[in-house]
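Trainee: Could you walk me through one part of this model in detail? I would like to see how a single helix sits among its surroundings.

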Amino acid sequence: MSNSDNSFSDSERAGLYRAIYERRDVRSQFLPDPIPKPVLMRLLKAAHHAPSVGFMQPWDFILIDSLEVREEVLASFNEENAKAADNYTGERQQTYRSLKLQGITESPMNLCITCDRSRGGAHVLGRNSIVDMDLFSTCLAVQNLWLAARAEGIGVGWVSIIDQTRLADILNLPENVYPLAYLCLGYVSEFLDKPELETKGWRSRLPLEELVHGNGWGKPLIW
Ligand SMILES: Cc1cc2c(cc1C)N(C[C@H](O)[C@H](O)[C@H](O)COP(=O)(O)O)c1[nH]c(=O)[nH]c(=O)c1N2
C-alpha cells in the first residue's frame with residue numbers, strides 16, 4: 001500500500017523548512033530540565049527512520065545522563081581542545097579560546113550515536129565499493145534527530161573535539177562499534193538566529209551561487 005497524498009500541505013512544508021533553517025548547534029543555551037521519555041523516544045524514532053545503505057541501520061543510541069560519565073568525556077574534550085587551540089596564533093587563537101564548543105555537563109542528556117560496522121554481515125547491499133557508506137548512513141540518523149529535536153524545542157550540540165579511542169573506552173563499546181556522534185541534548189533558553197561561529201566572526205555562510213556547478217567542476221550553470 002502506498003501513501004496516495006504525494007505532496008505536503010503548505011503548512012506542513014513550511015514546518016519542515018522551518019526546522020531546517022532554524023536548527024542550530026547549541027552549546028551555551030541549555031536548560032537543566034529533563035527531556036520526558038516520550039519526547040526522547042520520538043527523537044530516537046526519527047533518527048531510526050533515516051535512510052541507510054542496504055537498509056543496514058548501523059546505529060545504536062547510547063543515552064548518557066550520568067554526571068560521572070559526562071565528566072570523563074568533558075576531560076577528553078578539555079585535553080583535545082587545548083591541542084586544537086595550538087593550531088592558531090595571535091588574535092585567531094584568542095577568538096578560538098573564547099568560543100564555547102560543548103555543553104556536555106550543562107545539558108541534561110548526552111547521546112552517543114554509534115555505527116556498528118559489522119551489522120548486516122560481510123556483504124551489505126550498496127556497500128561493496130564504498131565501505132564508509134555505513135558511516136554516512138549514521139550521519140543521516142544524526143541529522144534526522146537534530147531536525148526533529150528543533151521541532152520539539154530541544155537543542156542539540158555535536159561535540160567532535162574528543163579522542164575517539166578514549167570515548168569508546170569510556171562507553172565500553174565493542175570493537176566493531178564506532179562512536180560516530182557525541183551529542184548534547186536539552187531544552188534551551190533560545191535558539192540563536194544564526195550559527196554562533198558566524199556571529200562570533202569565525203566563519204560566514206558561503207554564497208550558494210558559488211557552490212552550484214553545471215556538468216563539471218567550475219562550469220557555469222545555465223538555467
Ligand atoms: C560533524 C560535526 C561536528 C561538529 C559540529 C557540526 C558537525 C556537523 N559542530 C557544530 C558546527 O560548528 C555548526 O554546525 C556550524 O557552525 C553551523 O552552525 P549551526 O549548526 O547552523 O548552528 C560543532 N560545534 C562545536 O561547538 N563543537 C564541536 O566539536 C562541533 N563539532
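Mentor: Happy to, and a definition comes first: a residue is buried if 20 or more other C-beta atoms lie within 10 Å of its own, exposed if 12 or fewer, and partly exposed in between, with C-beta atoms placed from the backbone. Helices (H or I, at least four residues) and strands (E, at least two) are DSSP runs, numbered from the N terminus. Please keep in mind that this is a predicted model, in which local features need pLDDT of at least 70 and side-chain atom pairs count only at pLDDT 80 or more, while totals for chains, interfaces and linings use all residues. Residues are numbered from 1 along each chain as its sequence is written.

Let us look at helix 5. The protein has seven helices and four strands, in the order α-α-β-α-α-β-α-β-α-β-α along the sequence. Helix 5 (133-151) is built from 19 residues and reaches 28 Å from its first C-alpha to its last, close to the expected 27 Å (1.5 Å times one less than its number of residues).

Its buried residues are Asp134, Ser137, Thr138, Ala141, Leu145, Trp146, Leu147, Ala148, Ala149 and Arg150. They pack against helix 1 (10-22), helix 2, strand 1, strand 2, strand 3 and strand 4. Take Ala149: beyond its neighbours within four places in sequence, Ala149 is in contact with Leu43, Ile154, Val156 and Leu185 (contact means C-beta atoms, placed from the backbone, within 7 Å).

Ala149 also leads us to the largest nonpolar core, a set of buried Ala, Val, Leu, Ile, Met, Phe, Trp, Tyr and Cys residues joined through C-beta atoms within 7 Å. This core has 33 residues, and those touching the most other members are Ile113, Leu145, Ala149, Val156, Tyr182, Leu183 and Leu185. Helix 5 is among the elements that give two or more residues to this core, as are helix 2 (37-48), strand 3 (154-158) and strand 4 (177-187). Strand 4 supplies the largest share, seven residues. In soluble globular proteins, nonpolar side chains tend to be buried together.

Just after helix 5, Gly153 takes a positive phi of about 80°. Elsewhere, Gln57 has a positive phi of about 50° although it is not a glycine; Gln57 is found in the loop between helix 2 and strand 1. Gln57 counts as partly exposed because it has 19 C-beta neighbours inside 10 Å.

How values were computed: Contact = placed C-beta atoms within 7 Å.
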